[in-house]
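Visitor: I am new to this structure. Could you explain the terms as we go?
Guide: Yes. Here it is.

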Amino acid sequence: MIRSDILPGSITKAKSDAAWVELSNAGLLVDYGQEGYAKIDGSLGNDLYFELVDTVHYSKLANVLESAGYRVYALDSFLEVGRMRLAAMQGQGRGIIRQYYSKRVQESDQFWEAFVDRFDARLLEHLIPEWRGWVVDEALASCLSAFDASVLDSLDVLINDDSLSDESRFALAQILFLRGDEPRARVCADDARGLFAPFLDALIQIRTGQFDLGAKTFGEALARYAKVTRSRIAPLAPSTQFWYPMALLASGNVSDLERAARYCVTSSRSKNPSRFTFFGKWVHAIRVRLGQEGFDPNVFTRANAVGLDALADLLLVNWLAPEFQSTSSVELTLDAVRDRAAWFFAQCGFTRLVELADVALAHATQQDHPSPFFVGSQLPHWRLVLDSLRSLDDEIQERESRYIWVIDRAQDGNLRAIEPFAQTKGVRGWGKPKGVTLARLVADSDLPGEDARVLRSIHKVDGGRRGYELDLGAAMMSLIGHPRVALRTDPERFIEVSEGRPEVTVSRSEDGFEVGVGPAPLADLVNQSNALFWGRSTTSQVLLAVFEPPARLVVIRLTKAQRQAIQLMGKRLQLPREAVGDIDSTLAALSAHFEIQSDEVVAGRLVDAASKLRCELRPRNDGVTMRLVSAPLGADGPRFVPGVGRAKVVTRVGSETVATTRDLDWETDLSTRITGALGVANTELATEIEFETADEALDALETLNAFLDEVELDWPKGKAIQVLSPGLRALRVTVASQRDWLAVKGGVEFEEDKVIALKELINAAAQGSKFVTLKEGQYLALTGALRERILELGAVIDDSGKEIRASKLAVGSLLDLSEGTQATFDASSMALIERLQRSEQLVPMVPPTLEAELRPYQREGFVWAMRLAESGLGACLADDMGLGKTLQALAVALARSRTETGPILVVCPTSVVDNWFKETVRFAPTLNPVN
C-alpha cells in the first residue's frame with residue numbers, strides 16, 4: 001500500500017524519521033553500509049517502485065525531490081537517479097538526452113543504475129518513445145558487452161514489441177543467437193532493408209564450421225551495410241563481432257589474414273590499437289603470424305583477463321601454438337582461462353560462447369570435441385610462412401597518409417627550395433597537401449624507403465631555433481625516381497625526376513667548327529661569381545633542374561671536371577679547320593663527362609645504331625604517359641627526340657668511348673607512323689604524350705603491340721603494363737546437353753593453362769568495357785572479331801545464375817558462333833543439332849482425319865510445332881483467345897498419333913475440360929478422349 005499523506009508540503013526531519021521507522025518496521029530497508037543511510041530491499045524494490053508511480057503522479061514525485069534539497073548538479077547520487085527517471089517519465093526529450101550523453105562517467109553510471117540495473121520491462125510503459133528506445137538499446141548492449149543478465153527476464157516482452165527499431169531487434173537477435181535460439185534470432189534479424197539478416201546467416205555458418213562460406217557471407221553483408229549507412233564498422237557487439245576474423249583465420253592464407261587485421265583495427269576504432277585490448281590481441285596475433293611484429297606471449301597470458309578477453313586468449317593461444325611452442329618460458333593454465341571466460345557467459349546463458357571456450361580447451365589439450373574449431377581447418381604453419389615470404393614481393397599496401405616533395409625552381413633551372421608536404425587519404429581520396437616540418441619527418445619511424453632516402457640530406461643545426469636544415473643538392477639527387485614529387489606551380493600533379501648528363505655539340509661553321517655546351521643555362525651557372533654550391537663542402541656538385549613538359553624534371557649535376565670544362569669552353573668555342581686532327585682525341589676525353597653529338601667528326605669505336613626506337617612509359621593515375629625516343633647506343637646510352645639533333649653520337653660505355661651514326665630519316669618515318677596510329681601529332685614527340693583515362697592508355701598500348709618489332713617498351717621497375725590482344729582462336733566454348741537446357745562453359749586462354757571465364761567476358765563486353773583486368777598490370781583487349789563474337793554469344797545465353805545456360809533451341813546458333821574458336825559439343829548436343837537440321841527439312845502434312853480446315857497462320861503454327869516435336873523439344877503457343885490454339889494442338893496430336901504409340905496427356909484448367917472434350921469429338925473423332 002502506498003502512503004501519500006506525507007507528500008504535501010516540504011520534507012521535514014520529522015516526516016523523514018517517521019517514514020524511516022515505518023519502512024524499517026515493514027522490513028523493507030537494508031543497511032547501506034554507512035551510518036544514516038539505507039536502501040530499499042532489491043528483491044522488493046521494483047514492485048514497490050511501480051506501485052508508487054502507478055499511484056502518484058510524476059510531478060508530485062518530482063516536487064518531493066525538490067523539497068529534499070535537490071540541486072541541478074546534486075552530489076547525492078540517489079537524488080540524481082530519481083530525477084533522471086522522472087525526467088524520462090515526464091516527457092523531457094532530446095535536450096535531456098543530449099545533456100546526459102555529455103555528462104561525466106559518474107553520471108553515466110547513474111543512468112545505468114536508473115534504467116539498466118535490474119532492468120524491468122514495466123518501466124518502458126512509463127517512458128516516452130525516445131527514452132524507451134535509448135533505454136532498451138543500453139540494456140541490450142549491457143547484456144552483450146558486460147554480460148549483465150538484467151534484461152533477460154524481459155526478452156519475450158521485447159521480442160513482441162513492434163515499436164523497437166531494427167537496430168534494437170538485431171541486438172535481440174545477437175542475444176538469442178548466443179543463447180542458442182537461432183529460429184527466434186532469425187525472426188528478430190529480419191528488417192525491411194535486408195541489412196541485418198545476412199550478418200546472422202554468417203554467424204550461423206561460422207558456428208557450424210562453414211568458415212569460408214561464413215566469411216564470404218559476412219564480407220558481403222559488411223560491404224552492403226557500409227554502402228547504405230556509410231559506416232565501415234559492423235553493427236554487432238564485440239561478443240559476435242570477432243566471429244568474422246575467426247573465420248578468416250581459419251583459412252590461414254595471407255590475404256585473409258590481412259583482411260582480418262584491417263577489420264579488427266577498424267572495429268577497435270583506433271589506427272594502432274593497444275595489443276592488450278580485445279581487438280588489439282587479434283591484431284597482434286595476426287601481425288606476429290605475418291612477420292610484422294615480434295611475438296609477445298604476455299599479451300595472451302594475463303591472469304586478470306576475464307570474459308571476452310579470456311576467450312580471445314584461449315582462441316589465439318591455440319592459433320599461435322607454433323609460436324608458443326618456441327617460447328618455453330611461458331606457462332599456461334588453460335583450464336583457469338576457460339573458467340574465467342565461461343563464468344561470465346553462463347550468467348547470460350550464452351551457450352555458444354561457453355561451447356567455443358570448451359572446444360578451444362579441448363583442442364589445446366588434444367581431446368575430442370564434436371563441435372568444429374577454426375584452428376583445425378587452417379593451412380599448415382610452414383605454408384603460411386612461405387606465402388607470407390612470397391607476398392613480400394607484392395606491391396606494398398598503400399598508407400593512409402603519405403609525403404609529397406615540392407620543388408621550387410627558378411626559370412633558369414636553379415633550385416630555390418625543396419619542401420615536404422603531408423597528404424591524408426579520406427573516403428573521397430587524397431586530401432589537399434599540407435606543409436610539415438623537417439622535425440616531423442625525422443621523428444617518423446615508419447617512413448617508406450623512398451622518403452627515408454631523403455632523410456640523409458637532413459641535418460641537425462647546432463644552436464638557433466630552426467632545429468633542422470635540408471641539404472638541397474643531396475635532397476635533389478635522392479628524389480630521382482621518387483614517385484611523389486611535384487613543382488610548386490602545380491603541387492598536386494606528380495612529375496618524374498630523372499638524371500641527365502650535360503651535352504657537347506660539334507657542328508661545322510664557315511671558318512671551321514663550333515663547340516657548344518647544353519643545356520644553355522649551364523655556362524651561365526658555372527660562370528656566376530657566386531656559383532651555387534648547395535652541398536656541405538666546396539667540392540660539392542652544381543645542380544641544374546631542367547623541366548621537360550608536361551611532367552618530367554631532368555636533374556643535371558656537374559662534377560668538378562665538368563665545371564672546369566664548361567669554364568674553358570664558355571657558351572661557344574670556335575675552332576679553325578686545322579684543329580680537325582685534334583678534335584677526335586678531345587672528344588674521346590670529353591665523352592667520359594658529356595653526351596656528345598656531332599655532324600661529321602667521330603671519336604671512339606664505331607658501332608651500329610640500335611635498330612629500334614624506345615618508348616618510355618610511365619603509369620600516371622588511371623592513365624599513362626609516353627615519350628618516344630631514339631637511343632642509338634642502347635638502353636644505357638643518351639636519348640634524343642626521333643629525327644632531331646646531330647647524326648653522330650659519342651659517349652663513354654664503361655671505360656671505352658663508342659660512337660654511332662643515327663638514321664634520322666628512318667627515325668622520322670617510324671615516329672610518324674607510330675604517332676599516326678596513336679592519333680597524336682608528330683610535333684608532340686618533343687614532350688611526353690599523356691593518355692589520361694584507363695581506356696585511352698590501354699588503347700595506346702594495344703596499338704604499340706603492332707610495332708614491337710621496331711619499338712622497345714621501357715617501364716619503371718615493377719610498373720610494367722601488358723595488354724594482350726588474343727584472336728578469335730583463343731576463345732574456348734564447351735557445350736553440354738542437360739535435361740532441359742544446354743550448359744555452356746568457356747573463356748579466353750591468355751597464358752598456358754590460364755583462362756578468363758566466359759561469363760566475365762560477356763559482362764565486360766555488355767557494359768562497354770574494351771579491356772578486362774587479368775592481374776596487376778596485365779589486361780586483355782576485347783576488340784575486333786573477339787568482342788563481336790562474345791557479344792553475339794551473350795545474346796543467345798542466360799548468365800544470370802551461377803552457371804551459363806542456353807535454351808536447347810539455341811544449339812544451332814551456338815554451333816554457328818563457334819566457328820573459328822576452340823569449340824567442343826558433347827554427343828547429346830551433336831545429336832540435338834542433327835535432329836534440328838533434319839526437322840528443318842520436314843514438311844508435315846495436315847492429317848486427313850482432322851475435321852476442319854486450318855487458316856494460313858494456324859497451318860504455320862502446326863508446321864512449327866511439328867518440327868519442334870521432331871527435334872524432341874517442347875513449345876509454347878501463345879496466340880490470343882479465340883484464334884484456335886486447341887485446334888492446332890489437336891492437329892499435332894492427330895499427326896503424332898500416326899507414328900507414336902501411347903496416350904496423349906492434356907493438362908488444363910478444369911474450366912476448359914468440357915471444351916476440350918467437345919472440340920476433340922468434333923475435330924478429331926478418331927481420337928478417344930478420356931477424362
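Guide: By the salt-bridge rule, the count comes to 28 salt bridges. The model is a predicted one. The protein has 36 helices and 31 strands, and buried residues make up 44% of its 931 residues.

Visitor: What makes the contact of Glu167 and Arg193 a salt bridge?
Guide: A salt bridge needs a side-chain nitrogen of Lys or Arg within 4 Å of a carboxyl oxygen of Asp or Glu. For the side chains of Glu167 and Arg193 the N to O value is 3.6 Å, so the pair meets that rule. The two residues are 26 residues apart, with Glu167 in helix H9 and Arg193 in the loop between helix H10 and helix H11.

Visitor: Why is Glu167 called partly exposed?
Guide: Buried means under 20% relative accessible area and exposed means over 50%. Glu167 has 42% relative accessibility, so Glu167 counts as partly exposed. Arg193 has a relative accessible area of 38% and is partly exposed.

Visitor: How do you know that Asp201 forms a salt bridge with Arg186?
Guide: The closest N and O atoms of Asp201 and Arg186 are 3.0 Å apart, and the cut-off is 4 Å.

Visitor: Which parts does that pair tie together?
Guide: Asp201 lies in helix H11 and Arg186 in helix H10, so the salt bridge ties together parts that are 15 residues apart in sequence. Asp201, at 26% relative accessibility, counts as partly exposed. Arg186 is partly exposed, with a relative accessible area of 38%.

Visitor: Why is H10 called roughly antiparallel to H11?
Guide: Two packed helices are described by the angle between their axes and the distance between the axes. H10 and H11 pack at an angle of about 155°, with their axes 8 Å apart. Angles over 145 degrees count as roughly antiparallel, and that makes H10 roughly antiparallel to H11. The crossing of these two helices is right-handed.

Visitor: Which residues meet there?
Guide: Glu182, Ala185, Arg186 and Ala189 in H10 meet residues in H11, among them Leu200, Asp201 and Arg207. By class, the contact of H10 with H11 has 5 nonpolar, no polar and 4 charged residues.

Visitor: Why are H12 and H14 called oblique to each other?
Guide: Helix H12 (residues 211-229) and helix H14 (residues 243-251) pack at an angle of about 135°, with their axes 8 Å apart. Roughly antiparallel needs an angle over 145 degrees, and roughly perpendicular covers 65 to 115. The angle of about 135° fits neither, so H12 and H14 are oblique. H12 passes H14 in a left-handed crossing.

Visitor: Which residues make the contact of H12 with H14?
Guide: Phe211, Asp212, Ala215, Phe218 and Gly219 in H12 meet residues in H14, including Tyr244 and Leu248. The contact divides into 7 nonpolar, 2 polar and 1 charged residues.

Visitor: What makes Arg352 buried and Glu355 partly exposed?
Guide: The cut-off for buried is under 20%. Arg352 has 15% relative accessibility, so Arg352 counts as buried. Glu355, at 24% relative accessibility, counts as partly exposed. The side chains of Glu355 and Arg352 meet in a salt bridge of 3.7 Å, N to O. Being 3 residues apart in helix H20, Glu355 and Arg352 are separated by about one helical turn.

Visitor: Which residues are linked in a network of salt bridges?
Guide: The network links Glu182, Arg207, Arg352 and Glu355.

Notes: Residues numbered from 1 in each chain as written. Predicted model: local features only at pLDDT ≥ 70, side-chain atom pairs only at ≥ 80, totals over all residues. Heavy atoms only, no water. Axes fitted to C-alpha atoms, helices over the stretch in contact; angles between N-to-C directions. Helix = DSSP H or I, 4+ residues; strand = E, 2+ residues; numbered from the N terminus. Parallel < 35°, antiparallel > 145°, perpendicular 65-115°, else oblique. Left-handed = near helix turned anticlockwise from the far one by under 90°. Contact = heavy atoms within 4.5 Å. Nonpolar A, V, L, I, M, F, W, Y, C, P; charged D, E, K, R; others polar. Buried < 20%, exposed > 50% of the residue type's maximum accessible area, 1.4 Å probe, protein only.
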